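This report describes the strands, one helix and the main pocket of a single model. The sequence and the structure come first.

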Amino acid sequence: MNGFKKTFPYFVESELLQKCNISKSRFHKVRGSQWKGVYQAITGKFADKTKTWKNGLHWANINGYSPKSMKNLVGCYPVDYATWFYQLPKIVPEDDMVYFLIDNGSYWYAGEQFWIFESGISELTKVLSVLNQSAFLDLGWLDYYIVSKKYKWIIGFNHHDVVSLVGEGLNPECFLETKN
C-alpha cells in the first residue's frame, strides 16, 4: 500500500470534519486497535468465502453476500449515485452510529483493503454528499458499505449504481416508491 493510501483515512476524517462541519464524535476513523476486529466481524457475517475467486466483501455487492446472510436479502436497487444516500434516514431504522467502509479495491485473495469509519446517519449523509461532489476526494468512484454496529444489516453501494440491502430492520420503501 503506498503512503497516501495508508494516510488516506486520516486525510478523509480531517477534510470531512471541516467541510461538513460535523463533530469528531459523530464521524471518525476506526482506531487501528479496533480495525481488525470490526473488519473480521463484518466479513465473518456478510462476506461470501465459498468461492475460489471473486469472493469476500469486495465482491459482495455484485456477486452476493454470504449464503447465510443472503437468506435476509431485502433487495438490490438501481439508484442515482449522487442522491440515493439522502434516503438513508428512511432506510435505516434509527440514527445510531454505523460503520462506513470504503473499498480500496483489493481482492480477497490479495488481502482486501477497506478504510473503516464510524458515523451517525445524518452525518454520513453529509459526508457522502461531499465525497460524491469531489469524486471521493479525487480518488475516483469507490464502492462502499454501511453496516449496523450490531452487525444486523449491511448496505452495499457499487460503482454500477446499485444498492444492496441485506439483514434485519432495513426499510426499502423509498426504492419501491420510485418504481411506481
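How many residues lie between E5 and E6 in their hairpin, and which residue in the turn has a positive phi? Four residues separate the two strands, and Tyr151 in the turn has a positive phi of about 60 degrees. The model is predicted, and local features are taken where pLDDT is at least 70.

**The sheet**

The hairpin belongs to an open sheet of seven strands, ordered E1-E4-E3-E5-E6-E7-E2, with antiparallel pairing. Strand E1 (27–29) and strand E2 (73–78) are at the edges and have a single partner strand each, so one side of each lacks a neighbour in the sheet. On average, neighbouring strands of this sheet are turned by 20 degrees against each other, direction ignored.

Bridge counts for three of the pairs, with one pair of facing residues each, are as follows.

| Strands | Bridges | Residues opposite each other |
|---|---|---|
| E3 (residues 97–103) and E5 | five bridges, antiparallel | Val98 and Ser148 |
| E5 and E6 (residues 153–158) | four bridges, antiparallel | Ile146 and Ile155 |
| E2 and E7 (residues 162–167) | five bridges, antiparallel | Leu73 and Val166 |

Strand E5, which spans residues 144–148, is mostly covered, with five of its five residues buried. The cover extends to both faces of E5: Tyr144, Ile146 and Ser148 are buried on one side, and Tyr145 and Val147 on the other. Two of these residues also appear in the pairing: Ser148 is opposite Val98, and Ile146 is opposite Ile155 in E6.

**Helix H6**

Helix H6 runs over residues 121–133. From the first C-alpha to the last, its 13 residues reach 18 Å, close to the 18 Å expected at 1.5 Å a residue. Is H6 largely enclosed or open, and why? Ten of its 13 residues are buried, that is, under 20% relative accessible area, so H6 is largely enclosed by the rest of the structure. The buried set consists of Ile121, Glu123, Leu124, Thr125, Val127, Leu128, Ser129, Val130, Leu131 and Asn132.

**The largest pocket**

The largest pocket holds about 220 Å³ of space. It is lined by 13 residues, of which Pro93, Asp96, Ser148, Lys150 and Trp153 are the closest to its centre. By class, the lining comprises five nonpolar, two polar and six charged residues. Ser148 thus appears again here: this buried residue of E5 is also one of those closest to the pocket centre.

Notes. Residues numbered from 1 in each chain as written. Predicted model: local features only at pLDDT ≥ 70, side-chain atom pairs only at ≥ 80, totals over all residues. Heavy atoms only, no water. Buried < 20%, exposed > 50% of the residue type's maximum accessible area, 1.4 Å probe, protein only. Pairing = 2+ DSSP bridges. Expected span 1.5 Å × (residues − 1). 1 Å grid on protein atoms, 1.4 Å probe; cavity = no way out; pocket = protein on both sides within 12 Å on 5 of 7 lines; lining within 4 Å. Points joined across faces, edges and corners; volume = space filled by probe spheres on them. Nonpolar A, V, L, I, M, F, W, Y, C, P; charged D, E, K, R; others polar. Axes fitted to C-alpha atoms, helices over the stretch in contact; angles between N-to-C directions.
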